[in-house]
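Colleague: Got a minute to walk me through this one? I'd like to start with the rings and charges, then go on to the sheet and the cores.

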Amino acid sequence: MRQLVYKAWSRVLSWVGDFQYRAAPPKVRACHVRRLLELVQPGDVVCRKYCWYLDAYLIPGKYSHSGVVVSDHRMVHSVSEGVTFIDPMDFIKDTDGFVLIRPSADAEMVTAAAMDMVGKPYDFMFDLLDKDAMYCHEMTLAALEAGGMKISLSHPGRVIADDLIACCKVVYEI
């Protein structure tokens, strides 16, 4: 019964994360994408936002999604399909804003930890204690902590993008 409830819950949250109503074109333009690609380095974190997705109103903070840059053309992030790779350009195109943050962590350890999480399932229960499944900010937090950072959480038991940004130097924001 518990697995059936979890399966139904994960489908509802997947639908909520994909549902959008767009009344205006995305705010991120080609010049912003080019600027990100000029600045981005392995170990950096990118957080993005959308104004027209339903989950933007349900997830606390300015940015609803985060990922870790592991090379010039690869990031690791966690979506309903699980922890996977994405190109930084695909990560921010068609969004309404993003922030590139450069943590004061060991970049090699951050990237190695992020890549080690690839293949894990998405954590639809948003449980920081369950290391077998990861939601996006949880995955990013785990990678940064593997790189030597200690991050204070503003919401007990849950990490949001604002927590990640608060402890890092912002490099670029649109």
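Modeller: Sure. A charge sits over a ring if NZ of Lys or CZ of Arg is within 6 Å of the ring centre and within 35 degrees of the ring normal. Keep in mind that this is a predicted model.

Colleague: OK, so which ring does the charged end of arginine 48 sit over?

Modeller: That's phenylalanine 91, with the charged end of arginine 48 at 4.5 Å from the ring centre. Arginine 74 does something like it, lying over the face of phenylalanine 85 at 3.5 Å from the ring centre.

Colleague: How many aromatic pairs does the structure hold?

Modeller: Four aromatic pairs. There's also one aromatic cluster, formed by Tyr122, Phe124, Phe126 and Tyr135.

Colleague: Switching to the sheet: what's the strand order?

Modeller: S4-S3-S2-S1-S5-S6, six strands in an open sheet with antiparallel pairing. Strands S4 (82-86) and S6 (169-173) are at the edges with a single partner strand each, so one side of each has no neighbour in the sheet. On average, neighbouring strands are turned by 30° against each other, ignoring direction.

Colleague: And how many bridges join S1 to S5?

Modeller: Five, between residues 45-49 of S1 and residues 97-102 of S5, running antiparallel. Valine 46 has leucine 100 of S5 opposite.

Colleague: Which strands does helix H2 touch?

Modeller: Helix H2, residues 30-39, packs on the sheet against S1, S5 and S6, and its direction makes about 10° with that of S5. Helix H4, residues 107-116, also packs on the sheet, touching S2 (65-71), S3 (74-79) and S4. The direction of H4 makes about 110° with that of S2.

Colleague: Now the largest nonpolar core. Which of its residues touch the most other members?

Modeller: Val68 and Met139, out of 30 residues in that core. The elements giving two or more residues to this core are S1, S2, S5, H4, H5 (136-146) and H6 (161-166). H5 has the largest share, with four residues.

Colleague: What does methionine 139 touch, leaving out residues up to four places away in sequence?

Modeller: Counted that way, methionine 139 touches Gly67, Val68, Val76, His77, Ser78, Val83, Ala114, Met117 and Met134.

Colleague: And how many residues are in the second core?

Modeller: That separate core has 14 residues, including Val28, Val33, Phe91 and Phe98. Phe91 is also the ring under the charged end of arginine 48 that we began with.

Notes
Residues numbered from 1 in each chain as written. Predicted model: local features only at pLDDT ≥ 70, side-chain atom pairs only at ≥ 80, totals over all residues. Heavy atoms only, no water. Pairing = 2+ DSSP bridges. Axes fitted to C-alpha atoms, helices over the stretch in contact; angles between N-to-C directions. Contact = heavy atoms within 4.5 Å. Phe/Tyr/Trp six-rings, centres within 6.5 Å; stacked < 30°, edge-to-face > 60°. Core = buried A, V, L, I, M, F, W, Y, C linked by side-chain atoms within 4.5 Å. Buried < 20%, exposed > 50% of the residue type's maximum accessible area, 1.4 Å probe, protein only.
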